Structures are given as C-alpha cells and as structure tokens.
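The exercises below concern charged side chains, their burial and their partners. Work each one from the model before reading its solution.

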Amino acid sequence: MTSIDSGIDSSTGVYPACNGLSVTRSDGVLSVTLNRPQSLNSLTEDMLRGIADVMEQAATDPDVRVVRLGGAGRGFSSGAGISEEDQTSNSHNPTEIIEEANRAVRAIAALPRPVVAVVQGPAAGIGVSLALACDIVLASDAAFFLLAFTKIGLMPDGGASALVAAAIGRIRAMRMALLAERISAAEAQQWGLVSAVYPAERFDEEVDNVLSTLVAGPAIAFRKTKEAINAATLTELDPALERELHGQSALISSNDFREGTRAFQERRKPHFRD
C-alpha cells in the first residue's frame with residue numbers, strides 16, 4: 001500500500017505517488033486527480049487515504065494557494081468501488097474505507113485554502129461527498145450527481161447526509177438519498193448543489209479562470225471566509241460522519257447489502273428482503 005508521507009519535491013512540484021491518484025503542483029495550484037478512468041474513478045481505501053494525506057500536507061505547504069480536485073477521463077468519481085477487483089484491493093475490515101472517506105472529507109473541509117471540485121461528468125456515492133466538501137463546485141453541463149447507496153442496500157456516507165442537506169435542504173436531500181435519481185448539472189445548479197455550470201466545450205477554460213482568480217486572491221481573507229462559512233453551515237458534519245459510520249457498519253453486514261452487491265456485479269435488479 002502506497003502512502004503519501006514524504007512531502008513535496010521542491011525541484012519538480014510533484015507530490016509522492018499514490019495508487020489511483022495523480023498529484024502535481026504548478027503556479028500555486030495543487031491538482032489532485034482521481035486517476036482510474038477505466039472505472040470512472042471508483043475509489044479505494046488507498047485513494048481515499050492518499051486524498052486525506054495530500055490535503056493535510058497542503059494545509060502546511062506555503063506554495064499551495066488553491067487546490068483543484070478532479071477526475072481523469074469522462075467522470076469525476078463513480079464512488080466507492082464494489083467490483084470484485086475493488087473489493088480485493090481493500091482491507092478485510094469493511095469499515096476502514098468509510099473511516100478513510102471521513103478523514104478525506106474532514107481534511108478537505110479543514111484545509112485553510114480554497115478547494116475547487118471540477119466535475120466534468122458523473123459524480124456518484126462518496127464522489128458526491130468529496131465534491132460537496134470542496135468550497136467551489138464547478139460542473140460541466142454533461143455532469144450529473146447521484147446518491148446511489150440505497151440501490152445496493154446502503155445509506156449515504158462520507159458526510160453526505162450533512163453536506164447535501166446543507167446545500168439543498170432536507171426535502172431535496174431526501175429525494176436524492178431515497179430515490180437514488182440522477183440529478184443533472186442544470187438541476188443541480190437550480191437547487192444550489194453546485195457553484196456554476198459551464199458548457200463542456202468551454203469547461204476547462206472556465207475552470208482555469210476560476211483557479212487563476214483564487215491564486216491571485218487574498219489567501220488570509222479566503223481562509224477566514226472559509227472558516228466562518230463552514231462554521232455557520234456545517235455544524236452537523238462531524239456528528240453526521242459518526243452516525244453514518246455506525247449506520248453503514250451495520251448495513252454492510254446485512255443481507256440486503258450482499259444481495260445489492262451481487263445484483264450490481266451480475267447487472268440485474270436486486271431483490272431486497274430486510
């Protein structure tokens with residue numbers, strides 16, 4: 001298992017490698033890219049641990065003025081991987097991936113620099129949590145958001161029960177969580193789930209404009225602003241992470257989760273019994 005633990009190489013501006021992540025720094029922008037495009041950047045324990053490590057190190061790196069969190073290929077993240085390959089790469093303790101996800105979300109929210117989520121395509125499951133833990137969420141008009149946990153007999157985690165509700169309110173959060181519907185970029189913007197939506201053909205250019213604005217901005221004022229807004233709006237984040245950890249831990253051992261996982265892998269509709 002590869003962990004990011006030795007800081008940045010000042011000569012290259014590259015953080016040490018982590019399985020499934022690409023991390024570089026250039027002109028004040030730390031780019032953290034989920035790099036498993038063949039699986040729409042499904043997340044493993046290693047990747048979530050790496051995200052947390054990078055964010056925690058960025059908090060004390062004076063050369064980082066803004067962090068860009070994105071995904072390689074056509075998607076942001078399909079969430080925690082539940083394929084047989086992903087399950088094999090994770091530890092035998094099923095709650096560890098939740099704990100690493102919680103640590104990553106906390107690290108993003110606590111980072112004293114602006115963090116920009118760059119969502120060019122699907123964001124699902126814990127991918128939604130990672131995006132909403134960021135301070136600015138930029139979406140392509142080809143993007144969509146999906147809390148698909150109930151489709152496999154689970155509940156939202158990674159702070160989603162707090163992050164989504166803080167952004168769009170209880171009723172819409174319930175709709176996303178219980179019905180597991182795709183929310184288009186346009187609807188996400190209307191609801192207040194994202195900061196801005198841009199046409200796919202101009203997306204990279206618009207993202208660069210936002211990053212340039214943040215790099216040139218007042219770092220201390222940004223930090224104080226982020227702290228104040230998060231303190232006012234994310235008061236339930238830590239309690240939500242603990243509730244989700246306990247709730248998900250119970251659901252992972254349920255018959256419904258086993259059936260939901262089998263149905264996903266077999267590409268059929270699950271038959272829930274619990």
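**Exercise 1.** Classify Glu100 as buried or exposed.

Solution. Glu100 has a relative accessibility of 14%. Buried means under 20% relative accessible area, exposed over 50%, and partly exposed in between (1.4 Å probe, protein chains only). Glu100 is therefore buried.

The model is predicted: local features need pLDDT of at least 70 and side-chain atom pairs pLDDT 80 or more, while totals for chains, interfaces and linings use all residues. Residues are numbered from 1 along each chain as its sequence is written, and side-chain values use heavy atoms, without hydrogens and water.

**Exercise 2.** Find the salt-bridge partner of Arg103 and place both residues in the secondary structure.

Solution. A salt bridge is a side-chain nitrogen of Lys or Arg within 4 Å of a carboxyl oxygen of Asp or Glu. The side chain of Arg103 meets that of Glu100 at 3.4 Å, N to O. Both residues belong to helix α3 (residues 96-110), where they sit three residues apart, about one turn of the helix. Helices are DSSP runs (H or I, at least four residues), numbered from the N terminus. Arg103 is partly exposed, at 24% relative accessible area.

**Exercise 3.** Which parts of the chain does the pair Glu242 and Arg106 link?

Solution. Start with the distance: the two side chains form a salt bridge at 3.3 Å, N to O. Glu242 lies in helix α10 (residues 237-252) and Arg106 in helix α3, 136 residues apart, so the pair links distant parts of the chain. Glu242 is partly exposed at 37%, and Arg106 is partly exposed at 30%.

**Exercise 4.** Name the partner of Arg243, then list the network that contains Glu100.

Solution. Arg243 pairs with Glu236 in a salt bridge of 3.2 Å, N to O. Salt bridges with shared partners join Glu45, Asp46, Arg49, Asp53, Glu56, Glu100 and Arg103 into one network. The structure holds 19 salt bridges.

**Exercise 5.** Describe the surroundings of Lys226.

Solution. Lys226 is in helix α9 (residues 219-233) and is buried, with 10% relative accessible area. Contact means heavy atoms within 4.5 Å. Beyond its neighbours within four places in sequence, Lys226 touches Ile108, Ala109, Leu111, Arg113, Val115 and Asp135. For polar contacts, take N or O atom pairs within 3.5 Å; within protein, one must be able to donate a hydrogen and the other to accept it, and residues adjacent in sequence count only if both atoms are side-chain atoms. The Lys226 side chain makes such a contact with the side chain of Asp135 at 2.9 Å. A polar atom of the Lys226 side chain also lies 3.1 Å from the backbone oxygen of Arg113.

Note on methods:
Helix = DSSP H or I, 4+ residues; strand = E, 2+ residues; numbered from the N terminus.
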